[in-house]
Amino acid sequence: MTSLSKQVIFMIVTLIIGFMLAIQFQSTKEPVVRDTRDIRELRKELRAEQDKHQQLVQEIDKYASLIDQYEVSLNDHKENVENVMEDQIDSLRKEAGLTEVSGEGIILIIEPLYHDQFFGNQRHSVSPVLLRFLVNELNFNGAKEIAIGNQRIISTTAFREVNGVTRVNNRRLPPLPIEIKVISNDAEKLHNEMVVSESVEYFEIDNLKLTSTPINYLELPAFDDTPRVRYMEQMKED
């Protein structure tokens with residue numbers, strides 16, 4: 001075999017190996033993930049982030065003001081520290097849902113969409129999944145406080161189904177129709193959002209009708225059970 005033939009064979013083998021390596025690299029390369037969200041979804045996410053930013057700014061202002069109150073009380077009027085702490089405890093109890101609240105808002109009514117004489121057995125309750133979705137959508141659209149039936153919704157509220165019966169805060173929900181009271185700083189806006197919300201569609205799929213009515217004055221009950229605290233312990237005085 002001549003030297004020229006060896007060079008040709010070496011070149012062909014090198015090309016084949018390079019081609020195989022290129023195919024292997026292309027096959028193991030991670031696929032490009034494209035953002036397929038439309039303009040409506042992007043605006044919705046942008047609005048959620050703006051709301052979070054506004055809430056964080058308000059939280060920072062609130063705690064900065066509280067620090068100022070403590071410093072003023074310690075420097076000038078030591079006897080007022082207890083008053084500041086009592087005010088703070090009352091504020092925390094209100095935020096935790098342990099006090100009755102009132103204000104403008106909306107009333108949502110959940111009732112059967114069709115009568116049983118046309119569609120067989122009529123629903124008598126609403127599933128925990130639908131209630132959780134509804135509460136999340138209410139919070140997203142500006143709800144401040146929520147009560148389902150007579151049960152106040154707080155951060156640790158559990159939605160469960162036991163033997164086919166939906167329970168909220170470990171209490172059995174009354175049969176349909178169910179009334180949900182919601183307090184908001186802008187009741188008309190919340191009402192308009194809920195009229196066209198996805199919750200209405202999801203409830204209709206489950207043969208339930210969701211209606212909203214703006215109300216000038218509402219009273220919500222306090223959470224009447226002991227809040228569940230998992231990551232705090234009471235410190236006893238020495």
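**Side-chain pairs, helix packing and backbone features**

In this predicted model, the charged end of K44 is placed over the ring of F140, at 5.6 Å from the ring's centre. K44 falls within helix α2, which covers residues 39-75, while F140 belongs to helix α5, which covers residues 128-140.

Helix α5 also contributes to an aromatic contact, since the structure holds one aromatic pair. The rings involved are those of F133 and Y202, whose centres are 4.8 Å apart and whose planes meet at 70°, so the arrangement is classed as edge-to-face, the cut-off for that class being over 60 degrees. Because F133 is located in α5 and Y202 in helix α7 (residues 198-205), the pair ties together parts of the chain that are 69 residues apart in sequence. Both rings belong to residues that are partly exposed: the relative accessible area is 28% for F133 and 35% for Y202.

The packing of helix α2 against helix α3 (residues 81-95) was also examined, and the two were found at an angle of about 160°, with 9 Å between their axes. Helix α2 is therefore roughly antiparallel to α3, given that angles over 145 degrees fall in that class. The crossing of α2 past α3 is left-handed. On the side of α2, the contact is formed by K62, L66, Q69, Y70, S73 and L74, and these meet V81, V84, M85, Q88 and E95 of α3.

Considered as a whole, the chain has a secondary structure of seven helices and eight strands. Of its 238 residues, 26% are buried. Among the contacts between residues at least 6 apart in sequence, 77% join residues that are at least 24 apart.

Several features of the backbone remain to be described. Most residues other than glycine have a negative phi, and most peptide bonds are trans. In this model, however, the peptide bond leading from L176 to P177 is cis, with omega near 0°, and P177 itself is found in the loop that connects β6 (171-172) to β7 (178-184). A positive phi of about 55° is adopted by N169, although this residue is not a glycine; N169 occupies the loop between β5 (165-168) and β6, and with a relative accessible area of 8% it counts as buried. Another asparagine, N207, likewise has a positive phi, in this case near 60°, and N207 lies in the loop between α7 and β8 (208-220).

Definitions and conventions
Residues are numbered from 1 along each chain as its sequence is written. This is a predicted model: local features need pLDDT of at least 70, side-chain atom pairs count only at pLDDT 80 or more; totals for chains, interfaces and linings use all residues. Side-chain values use heavy atoms; hydrogens and water are left out. Rings of Phe, Tyr and Trp (its six-membered ring) pair if their centres lie within 6.5 Å; planes under 30 degrees apart count as stacked, over 60 as edge-to-face and the rest as tilted. Helices (H or I, at least four residues) and strands (E, at least two) are DSSP runs, numbered from the N terminus. Buried means under 20% relative accessible area, exposed over 50%, partly exposed in between (1.4 Å probe, protein chains only). A charge sits over a ring if NZ of Lys or CZ of Arg is within 6 Å of the ring centre and within 35 degrees of the ring normal. Axes are lines fitted to C-alpha atoms, for helices over the stretch in contact, and angles run from 0 to 180 degrees between N-to-C directions. Angles under 35 degrees count as roughly parallel, over 145 as roughly antiparallel, 65 to 115 as roughly perpendicular and the rest as oblique. A crossing is left-handed if the near helix is turned anticlockwise from the far one by less than a right angle, and right-handed if clockwise. Contact means heavy atoms within 4.5 Å.
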